[in-house]
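Student: Could we go through this structure together? I should like to begin with how the handedness of a helix crossing is defined.

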Amino acid sequence: MKMYKSIGSPIRPLRLFVGGVHGKEYRTTKLLFEKLVKTSKPKSGSAIVIPCLYMGRYVSTLSSNYLNTKACKRLVKIVKAFKPDIYVEVHCYRLSSYSSLTSLNRINVKGVPPLIEIENGVLIGSISPLLKAKLNLNIPILIETPCGKRKNFKVALKILRVFLMANSTQEALEALGFKHEVKNI
Ligand SMILES: [Zn+2]
């Protein structure tokens with residue numbers, strides 16, 4: 001597993017970016033994160049970027065089965081080791097899933113709030129509640145970009161850079177225009 005580290009002095013805030021959380025999503029997140037680390041680094045504090053957490057079968061992070069996967073065990077170890085101040089998990093989605101991911105009815109169907117489109121098909125929300133409880137993180141962020149769609153990368157990179165430069169998740173969310181909805185993310 002490749003891990004890019006940019007360690008500042010002082011070390012904090014420490015941002016952790018993770019992609020390739022399940023299935024073949026790493027194909028997209030690898031491209032995206034490699035571009036991110038080549039083109040930007042935080043002005044202060046640190047960033048750890050993991051373009052591909054695990055190459056394995058797809059298990060939804062909303063399913064309790066995910067907690068038993070090697071991917072999840074690896075993620076728990078990493079989070080415990082670094083104790084990130086800012087956590088951003090990047091996923092990719094098929095365009096056919098767009099409506100179910102963003103539907104207001106998602107809370108009734110999947111038990112989780114809908115994702116919000118920031119711009120050009122790039123969505124934001126909170127990570128799986130199961131994972132959130134397991135990782136014990138404050139406002140862990142989930143970003144979804146369409147799988148393999150390089151034309152959306154520009155927007156996705158712009159958003160990731162906001163988190164890379166921000167000193168807190170709250171600050172990044174405000175920069176993205178979420179002033180009052182922060183608690184609902
Ligand atoms: Zn995913």
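Tutor: A crossing is called left-handed if the near helix is turned anticlockwise from the far one by less than a right angle, and right-handed if clockwise. Please keep in mind that this is a predicted model.

Student: Which hand does the crossing of α1 and α6 have?

Tutor: The crossing of α1 and α6 is right-handed. The axes of α1 (residues 26–39) and α6 come within 10 Å and cross at roughly 55 degrees.

Student: How is that orientation classed for α1 and α6?

Tutor: The two helices, α1 and α6, are oblique to each other, because an angle that is neither under 35 degrees, nor over 145, nor from 65 to 115 falls in that class.

Student: Which residues make the contact of α1 and α6?

Tutor: From α1 come Leu32, Lys35 and Leu36, and from α6 come Phe153, Ala156, Leu157 and Leu160. By character, the residues of this contact are six nonpolar, no polar and one charged.

Student: Turning to the core, which residues have the most contacts inside the largest one?

Tutor: Phe17, Val18, Val88, Ile143, Leu160 and Phe163 have the most contacts inside the largest nonpolar core, which has 40 residues. Helix α6 (residues 153–165) supplies the largest share of this core, six residues.

Student: What does Val88 touch?

Tutor: Not counting residues up to four places away in sequence, Val88 touches Phe17, Ile141, Ile143, Leu160 and Phe163.

Student: And Phe163, is it buried or exposed?

Tutor: Phe163 has 24 other C-beta atoms within 10 Å and is therefore buried, the threshold being 20 or more. Phe163 lies in helix α6. Leaving aside neighbours within four places in sequence, its contacts are Arg15, Ile86, Val88, Ile141 and Ala172.

Student: Next, the backbone. Where are the cis peptide bonds at Pro10 and Pro13?

Tutor: One cis bond joins Ser9 and Pro10, with omega about 5 degrees. Another joins Arg12 and Pro13, again with omega about 5 degrees. Pro10 is in the loop between β1 (4–6) and β2 (14–19), and Pro13 lies in the loop between β1 and β2.

Student: What about phi at Asn120 and Ile139?

Tutor: Most residues other than glycine have a negative phi. Asn120 has a positive phi of about 45 degrees, and Ile139 has a positive phi of about 45 degrees. Asn120 is in the loop between β5 (116–119) and β6 (122–126), whereas Ile139 lies in the loop between α5 (129–135) and β7 (141–146).

Student: How many C-beta neighbours does Ile139 have inside 10 Å?

Tutor: Ile139 has 17 and therefore counts as partly exposed.

Definitions and conventions:
Residues numbered from 1 in each chain as written. Predicted model: local features only at pLDDT ≥ 70, side-chain atom pairs only at ≥ 80, totals over all residues. Core = buried A, V, L, I, M, F, W, Y, C linked by C-beta atoms within 7 Å. Buried ≥ 20, exposed ≤ 12 C-beta atoms within 10 Å, placed from the backbone. Helix = DSSP H or I, 4+ residues; strand = E, 2+ residues; numbered from the N terminus. Contact = placed C-beta atoms within 7 Å. Axes fitted to C-alpha atoms, helices over the stretch in contact; angles between N-to-C directions. Nonpolar A, V, L, I, M, F, W, Y, C, P; charged D, E, K, R; others polar.
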